[in-house]
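Here are my notes for you on this one. Keep the picture open while you read, and find each residue as it comes up.

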Amino acid sequence: IYLVTLTGQVTRTFDVGGAGVDFIHCTVSPLGEWLYGATDDRQLQCISSASGTVAQALPIGEKDVIGCVHHPFRNVIATWSMDGLLKLWVP
């Protein structure tokens with residue numbers, strides 16, 4: 001995962017997926033403290049932007065993942081997958 005500025009300059013690189021794992025969709029928390037990445041192995045990886053480590057990996061669904069999004073004002077993440085499952089993640 002590359003964290004870039006609005007001009008396209010890479011400011012930070014996160015290599016947390018592991019060998020053979022690709023990120024399908026990523027989103028950032030409103031304050032920029034967390035990155036949330038949906039992977040092709042059907043996991044939601046919660047990554048600390050300060051340390052670059054995975055804090056938690058959560059299962060999204062049984063079929064392919066479509067995406068994830070973070071609510072702009074509340075601490076809620078939504079994930080959805082091809083099996084018709086929409087999950088709302090609230091800590």
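**Notes on the strands, loops and surface**

1. Val10 sits in strand 2, residues 10-13. Strands here are DSSP runs of E with at least two residues, numbered from the N terminus. Before going on: this is a predicted model, where local features need pLDDT of at least 70 and side-chain atom pairs count only at pLDDT 80 or more, while totals for chains, interfaces and linings use all residues. Residues are numbered from 1 along each chain as its sequence is written, and side-chain values use heavy atoms, with hydrogens and water left out.

2. Is Val10 buried or exposed? Neither, quite: Val10 counts as partly exposed because its relative accessibility is 46%. (Buried means under 20% relative accessible area, exposed over 50%, and partly exposed in between, using a 1.4 Å probe and protein chains only.) Areas like these come from the Shrake-Rupley method with a 1.4 Å probe, and for residues only the protein chains shown count as cover.

3. Val10 also has company, since Tyr2, Val4 and Val10 make a nonpolar surface patch of about 310 Å². A patch takes residues with over 30% relative accessible area and no salt bridge; nonpolar side chains (Val, Leu, Ile, Met, Phe, Trp, Tyr) are joined within 5 Å, and like charges within 9 Å. The salt bridge that rules a residue out is a side-chain nitrogen of Lys or Arg within 4 Å of a carboxyl oxygen of Asp or Glu.

4. Now look for charge. Which residues gather in a patch of negative charge on the surface? They are Asp22, Asp40, Asp41 and Asp64. Asp and Glu count as negative here, Lys and Arg as positive, and His and the chain ends are not counted. For Asp, the place of the charge is taken as CG. Asp64 itself is in the loop between strand 6 (54-59) and strand 7 (65-70), and it is exposed, at 51% relative accessible area.

5. Arg42 deserves a look at its backbone: phi is positive, about 65°, although Arg42 is not a glycine. You'll find Arg42 in the loop between strand 4 (34-39) and strand 5. With 32% relative accessibility, Arg42 is partly exposed.

6. Phe14 is in the loop between strand 2 and strand 3 (23-28), and it is buried, with just 4% relative accessible area. Try tracing Phe14 to Ser49: they are 35 residues apart along the chain, yet their C-alpha atoms are separated by 8.5 Å. Ser51 is 37 residues from Phe14, with 9.5 Å between the C-alpha atoms.

7. Ser51 belongs to the loop between strand 5 and strand 6 and is partly exposed at 43%. Gly52 is found in the loop between strand 5 (43-48) and strand 6, but Gly52 is buried, at 16%. From Gly52 to Thr79 is 27 residues in sequence and 21 Å in space, C-alpha to C-alpha.

8. Last, the cysteines. How many disulfides are there? The count is zero, where a disulfide means a pair of cysteine sulfur atoms within 2.5 Å. Why does Cys46 not form one? The closest cysteine sulfur, in Cys68, is 9.4 Å away, so it is too far for a bond. Cys68 misses out too, because its closest cysteine sulfur, in Cys26, is 6.5 Å away. Cys46 is buried at 9%, and Cys68, in strand 7, is buried at 1%.

Key:
Helices (H or I, at least four residues) and strands (E, at least two) are DSSP runs, numbered from the N terminus.
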